[in-house]
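Let's take a walk through this model, going from ring pairs to helix packing. Have the viewer open as you read.

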Amino acid sequence: MSTQLEDRPVIRGRRERPRDRISVVEHGPEMQPARFTSGMWAVILFISSEAMFFGALFTTYFYLRGRIPEWEPVFGEKPTWQVDPILGIGLPTLNTIELLVSSVTMQLAVNAIKVGDRRALRNWLIPTIVLGVMFLVGQGYEYTRLGFLPRDGVFAGVFFTLTGFHGAHVTGGVIFNTIVFYRTLKGQFTSRRHLAVEAASIYWHFVDVVWICLVITIYVVH
C-alpha cells in the first residue's frame, strides 16, 4: 500500500502537463465567441472613448453659448429645418431620415447573419452604405449653401467643428461597412461567427445617436 502511494506522482493542484490545463473547445473554430469577448470589449471601449470625445465637443458648445453675449446662429433668414429644401424637405431633415433608415437596414443585416442568411446580410448592407454616402453628399452640399465659413463667428466655428467631426465618423462608418460587405461577398461570416458585423452595427448606431443629439443642439436649440 505504501509502495503504491510512493509511486503516484504528486501534482499539488496542477495538472501534470501544462497543455492539460487548457480548456477544451467543444464546438470548433466556427463557434461564435461569447458576446463580451476581448474583441467585443475592444469595441465597447472604443465607442466609450468616442462618446467622451463628442461629450467634450457638446460641452464646449454649451459653455460658449452660455458665456458669449454675442452668441448668434448664422443660418440667415431661412428656418433652420428648411436650409436649402429639396422636394420640400430641408437638408437637415433629409439627412436625419437617411441616417435613421440606414440604422434600421444595418440592424436588419445583423439579424440576417445571426440566422446564417448571408444573402440578406449582403442585401441589407447595400442600402446602408448607399444611405451613408448620400448623407455625406448632402452634408457637403449643405456646407456650400450655408453662406458662412468657420471664420464667421464663434457659432460658425463650433458648427463646422461638430458637424465636421461627425461627418468624419460617418465616413469611417461607411468604410467599415464597405469592408464588412466585401468580407460578406467572400463568405467569411456565419451565424456563429460574425463579430465584425456586430461591431460595425454598434458603431453605426452610435453615429446615428450622435447625429440626433447634434441636430437637436444646433438646428433646434442653437
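Start with Phe 165, which is partly exposed, with a relative accessible area of 37%. Keep in mind that this is a predicted model. The ring of Phe 165 has a partner in Phe 53: the two centres are 5.1 Å apart and the planes sit at 80 degrees, so this is an edge-to-face pair. Phe 53 comes out as partly exposed too, at 29% relative accessibility. Since Phe 53 belongs to helix 2 (residues 38-67) and Phe 165 to helix 5 (residues 154-185), the pair ties together parts that are 112 residues apart in sequence.

Now for another edge-to-face pair, Phe 135 with Trp 211, at 4.9 Å centre to centre and 85 degrees between the planes. This one also links distant parts of the chain, with Phe 135 in helix 4 and Trp 211 in helix 6, 76 residues apart. Are these rings buried or exposed? Phe 135 has 0% relative accessibility, and since anything under 20% counts as buried, it is buried. Trp 211 is buried as well, with a relative accessible area of 1%.

That pair leads straight to the packing of helix 4 (residues 118-145) with helix 6 (residues 195-221), whose axes come within 13 Å and cross at roughly 30 degrees. Angles under 35 degrees count as roughly parallel, and helix 4 and helix 6 are therefore roughly parallel to each other. Their crossing is left-handed. On the helix 4 side the contact is made by Leu 121, Thr 128, Gly 132, Phe 135, Gln 139 and Glu 142, and helix 6 brings Val 197, Trp 204, Trp 211 and Tyr 219. By class, that's 6 nonpolar, 3 polar and 1 charged.

Helix 6 also packs with helix 3 (residues 91-114), at an angle of about 160 degrees and with the axes 10 Å apart. That angle makes helix 3 roughly antiparallel to helix 6. This crossing, too, is left-handed. Contact residues include Leu 99, Met 106 and Val 110 from helix 3, and Trp 204, Trp 211 and Tyr 219 from helix 6. The contact of helix 3 with helix 6 has 13 nonpolar, 7 polar and 3 charged residues.

Finally, back to the rings. Tyr 219 joins Tyr 143, Phe 148, Phe 155, Phe 159 and Phe 160 in one aromatic cluster. How many aromatic pairs are there when ring centres must lie within 6.5 Å? The count comes to 12.

Note on methods: Residues numbered from 1 in each chain as written. Predicted model: local features only at pLDDT ≥ 70, side-chain atom pairs only at ≥ 80, totals over all residues. Heavy atoms only, no water. Axes fitted to C-alpha atoms, helices over the stretch in contact; angles between N-to-C directions. Helix = DSSP H or I, 4+ residues; strand = E, 2+ residues; numbered from the N terminus. Parallel < 35°, antiparallel > 145°, perpendicular 65-115°, else oblique. Left-handed = near helix turned anticlockwise from the far one by under 90°. Contact = heavy atoms within 4.5 Å. Nonpolar A, V, L, I, M, F, W, Y, C, P; charged D, E, K, R; others polar. Phe/Tyr/Trp six-rings, centres within 6.5 Å; stacked < 30°, edge-to-face > 60°. Buried < 20%, exposed > 50% of the residue type's maximum accessible area, 1.4 Å probe, protein only.
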